[in-house]
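Me: Could you help me see how the words used for a structure follow from its numbers? Here is the one I would like to go through.

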2 protein chains.
Amino acid sequence: MNKTTRSYNQFCALAKALDIVGERWTLLIVRELLSGPKRFKDLQGALPGIGSNLLSARLKDMESQALVVRGKLPPPAASAIYELTERGSGLGKVVGELVKWGFSLLGIPKPEECFQPRWAMQALLVTFDPEAAQGVSETYEFRIDDEIFHFTVHDGKAEGLLGPASDPDMVLVATSLEFLTLGFGENQNGYAIKKGLIKRGTPEMLTRFGRIFRHLR
Amino acid sequence: MNKTTRSYNQFCALAKALDIVGERWTLLIVRELLSGPKRFKDLQGALPGIGSNLLSARLKDMESQALVVRGKLPPPAASAIYELTERGSGLGKVVGELVKWGFSLLGIPKPEECFQPRWAMQALLVTFDPEAAQGVSETYEFRIDDEIFHFTVHDGKAEGLLGPASDPDMVLVATSLEFLTLGFGENQNGYAIKKGLIKRGTPEMLTRFGRIFRHLR
DNA sequence: CGGAATCCTCTTCGATACTG
DNA sequence: CAGTATCGAAGAGGATTCCG
């Protein structure tokens, strides 16, 4: 179908990379898959406006470029899933730098802008500060709207995963709006306490979390 | 003129970043400007296929997004130049990660692919290995085709700049083809000596350079 | 139901020609 | 040299239909 995929035709690593991931939607698809395999429908839901034909075409391109493999979920839910290959996962750092750069462009959420809690998870993860994590060994779980994810900090390293933690030290439950207010506002603890968001653990843990994953202004 | 620049409409740092730099050509323009201010003509020459209208539109967009400022060269060459702002330069890391990721896609130069020596300079710079640079304090100048650039290694840090060095320890003169052969081949010194490429300095310096800027793979 | 193919309209791209 | 104007070609986006 792609007789000639459009190319910059330059012997340059940047141009080659952009030949593959520079098209519209591609890196957003990678963003979604970075937090685990997804079904077609999941991707479509997270990418409003993409249209099934275009998503289908992109996934095919990405498969032919070995960024993605098509798998099958084990029965009974035997539906197709898309998963990043090693090469695809290698884009994590690229996405991370773009997120850092784009952070200051976020501004105030506008009404027409959609939001998925897991995007915040990924953004927080790139703001991880190993220095601040020294000596901390804790797990923080967040339940935002109907998404659950958690961060594990241990041994100067951090990990962020979708789904609940097995035995979290802190659990925070909030709506998207509350969560964003918390993230961008001052006096996080005051707000969290007033709203009763901390369902397990102490405000000190939230403070610590805020120091370890300090969003860049 | 831009009634509504197309946007992903997501409250996500990645999507915001891609709203601005995700369009075709934009990051390649950034790549060019990362090595210093350029005139319209220079950019057009380095981006074959862009078309003057599109380059013009992109520069306007980038100016309105504060990635670029339009300056004037001092007389007598009073022509307009484009220069990255601080925000624009912040994309250096993004470009760096894309270059690292794209490196393995380079393959063999194909006849239709164009090449500019300065792209190699930027690619080499991202492969800098601080460990290997410990205790080295040298300047390496390269004259490839009709472009000249140099690397300064000092104090565990490296810098790459267009133009000649003031007092280089090593000077290597080569064609693009020779340079690429050197970069991707085995036995660099053998090749360099056989072709007489090292015009100043010793083969040991070239070996050291290859260890400090070791291209990935 | 998940996902791919088909249409149709609109925007963007790319190449060339043209102007200050 | 630095752009603007123009126009055919390609790609995006939405709706709908088809297929397992």
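Reply: Happy to! Of the atoms of DNA strand C within 4 Å of the protein, 67% belong to sugar or phosphate, and the rest belong to bases. This is a predicted model, where local features need pLDDT of at least 70 and side-chain atom pairs pLDDT 80 or more, while totals for chains, interfaces and linings use all residues. Residues count from 1 along each chain as written, chains are lettered from A and ligands numbered from 1 in written order, and side-chain values use heavy atoms, without hydrogens and water.

Me: What makes the pair A:Ser56 and DNA strand C a polar contact?

Reply: A polar contact is a pair of N or O atoms within 3.5 Å. A polar side-chain atom of A:Ser56 is 3.2 Å from a phosphate oxygen of DNA strand C, so the pair fits that definition. With backbone atoms, A:Phe40 comes to 2.7 Å from a phosphate oxygen of this strand, and A:Ala80 to 3.0 Å from a phosphate oxygen.

Me: Why are helix 1 of chain A and helix 2 of chain B called roughly antiparallel?

Reply: Their angle is about 170 degrees, with the axes 10 Å apart. Angles over 145 degrees count as roughly antiparallel, and therefore these two helices get that name.

Me: Which residues meet there, between helix 1 of chain A and helix 2 of chain B?

Reply: A:Leu14, A:Ala15 and A:Leu18 meet B:Leu27, B:Leu28 and B:Arg31, where contact means heavy atoms within 4.5 Å. By class, this contact has five nonpolar, no polar and one charged residues.

Methods: Axes fitted to C-alpha atoms, helices over the stretch in contact; angles between N-to-C directions. Helix = DSSP H or I, 4+ residues; strand = E, 2+ residues; numbered from the N terminus. Parallel < 35°, antiparallel > 145°, perpendicular 65-115°, else oblique. Nonpolar A, V, L, I, M, F, W, Y, C, P; charged D, E, K, R; others polar. Near = heavy atom within 4 Å. Polar contact = N/O pair within 3.5 Å; in protein donor to acceptor, adjacent residues only side chain to side chain.
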